[in-house]
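The exercises below ask you to read a protein structure one step at a time. Try each task yourself before you turn to its worked solution.

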Amino acid sequence: MTYVDDTNTRQAADAASKFVNWYYSQINEGKGVSQSYVTNNDTYKNAGHPPADICVNGLVCPTPEDWEKILAQQREAPKATNDKKHVSYVVDTFDAHVINADYRFGAAQNLIDIHGPNDGVRMMIMVNVSGTVYFGVSKRSNEEYSVKQHFNDVFILVPNWDSLAKQSKYGKRFLIASQTYRAY
C-alpha cells in the first residue's frame with residue numbers, strides 16, 4: 001500500500017472544492033466549460049495526450065464542445081408556469097481522492113524538479129459530485145421548477161501545467177481528463 005501524504009489529501013480537497021464551485025457556476029450562468037478539458041490544452045495536445053473521455057448517460061460525447069451543446073439544449077428544457085427558462089445545478093456533495101500523486105504526463109522537466117509527489121501539485125484527482133438539476137426556474141429563489149433530476153458527475157482531473165509554469169493564482173490548476181455524467 002502506498003502512503004499518500006496528508007498534504008496531497010488537503011490539496012485535493014481544496015482543488016475539488018474550487019473546481020466544483022467554478023464548474024457548476026459556469027454551467028448555471030450559461031458560460032462555457034470546454035476550455036477546462038485537456039482536449040483544448042496545447043501542452044497536453046503537444047505531448048500526445050488523448051482527448052478527454054466524456055460520457056453522458058452512458059453515451060460517448062465526442063468533444064467538450066458537444067457537451068456544451070447538450071448543456072445549451074438543457075437550457076431550452078421545459079418551462080415553468082411563469083414562462084422563464086432556466087437550468088440550475090445544485091451540488092449536494094462532492095468527494096475527492098488522489099489517484100496518482102506523481103502525475104507527470106506532459107510536464108516540463110523544471111516542474112518535475114520543483115514539485116515532488118508529496119507537495120499536492122502533481123496530482124491526478126478523482127472528483128465525485130452528486131446533486132440535483134432543476135429545469136424551469138431557480139430553486140434558490142423559491143420559484144417553481146418543471147422537472148428535477150438527480151445527477152452524478154465523476155471527473156478525473158490532471159494538473160494544468162501552463163497555470164503552474166506561470167505560477168498563476170488565477171488560472172485553473174487542474175484540467176478535466178475524463179468525465180462521466182449521469183442524470184437519473
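Four exercises follow, each with a solution, and they concern a predicted model.

**Exercise 1. Describe the overall make-up of the protein: how many helices and strands does the secondary structure hold, and in what pattern do they follow one another?**

Solution. Begin by counting the elements, which come to 5 helices and 6 strands. Next, read along the sequence, where the pattern is α-α-β-β-α-β-α-β-β-α-β. Then turn to the contacts: among those with a separation of 6 or more, 70% join residues 24 or more positions apart. Finally, consider the surface, where the protein exposes about 9,800 Å², with carbon and sulfur atoms supplying 50% of this area, while 40% of the 184 residues count as buried.

**Exercise 2. Find which residues of the largest nonpolar core touch the most other members, and which helix gives this core its largest share.**

Solution. The core has 45 residues, and those that touch the most other members are Tyr-23, Tyr-24, Trp-67, Tyr-89 and Phe-155. Helix H1, which spans residues 6-28, gives the largest share of this core, with 8 residues. Now follow one of the listed residues, Phe-155, setting aside its neighbours within four places in sequence: its contacts include Phe-19, Tyr-23 and Tyr-24, and also Ile-125, Met-126, Val-127 and Val-129. Ile-176, Ser-178 and Gln-179 are in contact with Phe-155 as well. As background, nonpolar side chains in soluble globular proteins tend to be buried together.

**Exercise 3. Explain why strand S4 is described as largely enclosed by the rest of the structure, and state in which sense S3 pairs with S4.**

Solution. Strand S4 runs over residues 124-136, and 10 of its 13 residues are buried, so the strand is largely enclosed by the rest of the structure. Its pairing with strand S3, residues 87-100, is antiparallel and extends over 12 bridges. To locate one position in this pairing, look at Ala-96, which stands opposite Val-127 in S4.

**Exercise 4. Decide how many disulfides the structure holds, and explain why Cys-55 and Cys-61 form no bond with each other.**

Solution. A disulfide requires two cysteine sulfur atoms within 2.5 Å. For Cys-55 the closest cysteine sulfur is that of Cys-61, at 9.1 Å, which is too far for a bond. Starting instead from Cys-61, the closest cysteine sulfur is in Cys-55, so the conclusion holds from that side too. The structure accordingly holds 0 disulfides. As a last step, compare their surroundings: Cys-55, at 22% relative accessibility, counts as partly exposed, whereas Cys-61, at 4%, counts as buried.

How values were computed. Residues are numbered from 1 along each chain as its sequence is written. This is a predicted model: local features need pLDDT of at least 70, side-chain atom pairs count only at pLDDT 80 or more; totals for chains, interfaces and linings use all residues. Side-chain values use heavy atoms; hydrogens and water are left out. A nonpolar core is a set of buried Ala, Val, Leu, Ile, Met, Phe, Trp, Tyr and Cys residues joined through side-chain atoms within 4.5 Å. Buried means under 20% relative accessible area, exposed over 50%, partly exposed in between (1.4 Å probe, protein chains only). Helices (H or I, at least four residues) and strands (E, at least two) are DSSP runs, numbered from the N terminus. Contact means heavy atoms within 4.5 Å. Accessible areas come from the Shrake-Rupley method with a 1.4 Å probe; for residues, only the protein chains shown count as cover. Two strands pair if DSSP finds at least two bridges between them.
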